[in-house]
Amino acid sequence: MKGRIAYIASNTFREAVRDRVLYNLIAFALLLSGAAILVGQISIEIEKLVVINLGLTAVSLFGVVIAIFIGIGLVSKEIEKRTLYTVLSRPVRRWEFIVGKFFGLAGTLVVNTFFMAVGVFGALFYVSHKFVRADALILVALYFIILEFLIICSLSLLFSSFSSPLLSAVFAFSLFVIGSFAEDLRNFAGMAHGISRWLATGAAYLVPNFSAFNVISSIAHEQPVASQLVVQNTLYALFYATMALSGAVLIFERRDLK
Amino acid sequence: MPAIEILGLEKTYSVGFWRKHTKRALHPLHLTVEDGEIFGFLGPNGAGKTTTLKLLMGLVFPTAGSARILDHEWTDPVVKAQIGFLPEQPYFYDHLTAHELLEYYGQLSGVPAKQRKVRVDEVLHQVGLRDVRGVQLRKFSKGMLQRVGIGQAILHNPKLVFFDEPMSGLDPMGRREVRDLMEELKHKGKTVFFSTHILSDAEALCDRVAIVHKGELRGIGAIEDLTSSVQGKVEMVWQGSLVPASIKALGAEIHVSGDRVRAIIDENQQDAVIDILRRERQRLIAVIPVRTSLETYFVEKLRRSETTAGRTA
Ligand SMILES: Nc1ncnc2c1ncn2[C@@H]1O[C@H](COP(=O)(O)OP(=O)(O)OP(=O)(O)O)[C@@H](O)[C@H]1O
Ligand SMILES: [Mg+2]
């Protein structure tokens, strides 16, 4: 079982690499070095702020786009092209397929994020010529970004297991946007009354709470991250991804292949 | 122990945007395939052959019924390691090369790493793809993909293989090779279940065939039984071009071509004709019982069901 999941994951990773997904790194590098040079004239403090803010935001956005664009096709494309026939007629359980796909995509994103992170640290070193202890906070921000990717991967897979790539993309992007404002949504729900309060609260807690994962601007200002938040976000991401994946499995287990 | 027992599998698809309409692709099907047979599953386009195979592979779920494969429940994952499947018009991960694909499928089927290497090379050779083993599948032609499909189906040495139209897309050499391969599988004690509408392939290969039409089983049996349900006639062939008047008088149907005469007569007149030929000093070359071809049987079956269907409608 573990073997099969790993084989499926590594094939998914290999497919992403051969489809030149990692080429986005070039765009990322250009963006970052361009920005670093542009702000090179201003004072050191602001430079650092810009590089960290811009760098990490770009890491997160590039990753989200990749997660969604690969994720939405992972299941539906295989059904459409009928590549699944010769996989599922082997001793591969349907849930193993889904889980393998998830790890393959997550792995692709981790590798991608690693290279982008190297870029961010490179740019940082270029502008400030040294690293300080507070820069380690960037690692926490990157960790949160990866947690966020896990949730998005699992959601894209969930949508991919029952709808077309186009619709899945729409769903996933909307959830990403709404999730980024989850905190505002919760505040808003608190102010509503009656039945709309229940609905709004339900919706606010159902969408992934990405606002809690965004610590980019606070670490850019060298404010520390509470260790409680790290634990909380880790548990939340694992729980949310597991739920979404279970949903994907439940749907896919019952589905007739075209 | 039968290799496959289909116990009333049936499939009704819901179609249309609201899934309100239904389309019955397969009526309850009962069918048993014995261990070690080559079994042909015949039927015109849209008969339900592919649907049956997809049900057996667990790719679609039956509306009712069940099946047993190799003495296990058909959905049992244990079964999956012992069967091979060639889908119709197979398509594979096109970012992989033929070699990588087989390697991957070997992993999924649980072939141990050491054997896998040997086996992948063996199979690539067997299906004639050794020279293109390093080419990405997106650059393969239809027939080459079909060969990959056959290769992946036999890769893990399954006891039972399911081929959905194995000859489609292949050149004459390829067809010949696939026929030989199926015979070799049978020789090794494997069971082969394949769908086709090429009747000559079925006739040449199968121990038994089943005929489906509009999702219903219309006939099943050994090729000899289906085709020898004959008129009780024999074909006699002798040399020369002389047709004795006494043979004509028997009411024989006679064809003369080159220096051969072929006469089709009733079985019970066979001895009389032999006597006449001996008297006339003609050289008898052959006496062949006349069989209906599988094609005649097939067409006959479908036509008959057409008329009965018309009557009940
Ligand atoms: N996913 C589906 N949804 C609705 N109807 C379907 C579906 N798949 C197959 N059918 C219908 O089921 C019937 C049987 O189709 P099937 O593919 O099994 O035929 P077949 O015998 O394999 O034909 P062919 O020789 O052309 O491959 C057809 O009438 C087809 O229209
Ligand atoms: Mg078919």
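**Exercise 1. State which residues make the nonpolar surface patch of about 480 Å², and place Phe171(A).**

Step 1. In this predicted model, local features need pLDDT of at least 70, side-chain atom pairs count only at pLDDT 80 or more, and totals for chains, interfaces and linings use all residues. Residues are numbered from 1 along each chain as its sequence is written, chains are lettered from A and ligands numbered from 1 in the order in which they are written, and side-chain values use heavy atoms, with hydrogens and water left out.

Step 2. The patch is formed by Phe162(A), Leu166(A), Leu167(A), Val170(A) and Phe171(A). Patch residues have over 30% relative accessible area and no salt bridge, and nonpolar side chains are joined within 5 Å.

Step 3. Phe171(A) belongs to helix α8 (residues 165-180) of chain A. With a relative accessible area of 33%, Phe171(A) is partly exposed (buried is under 20%, exposed over 50%, partly exposed in between; 1.4 Å probe, protein chains only).

**Exercise 2. Identify the residues that coordinate the magnesium ion (ligand 2).**

Step 1. Thr50(B), through OG1, and Glu88(B), through OE, coordinate the ion at 1.9 to 2.6 Å (donors are N, O and S atoms within 2.8 Å of the metal, or 3.2 Å for Na, K and Ca).

Step 2. Thr50(B) lies in helix α1 and Glu88(B) in the loop between β6 and α3 of chain B, so the pair ties together parts 38 residues apart in sequence.

Step 3. Glu88(B) is partly exposed, at 27% relative accessible area.

**Exercise 3. Determine which residues of helix α10 (residues 270-279) of chain B are buried.**

Step 1. Val273(B), Ile276(B) and Leu277(B) are buried.

Step 2. Down the axis of α10(B), the buried residues fall within an arc of 100°, so they line one face of the helix.

Key
Helices (H or I, at least four residues) and strands (E, at least two) are DSSP runs, numbered from the N terminus. Patches are made of residues with over 30% relative accessible area and no salt bridge: like charges are joined within 9 Å, nonpolar side chains (Val, Leu, Ile, Met, Phe, Trp, Tyr) within 5 Å. Accessible areas come from the Shrake-Rupley method with a 1.4 Å probe; for residues, only the protein chains shown count as cover. A salt bridge is a side-chain nitrogen of Lys or Arg within 4 Å of a carboxyl oxygen of Asp or Glu. The arc is that of the directions from the helix axis to the C-beta atoms.
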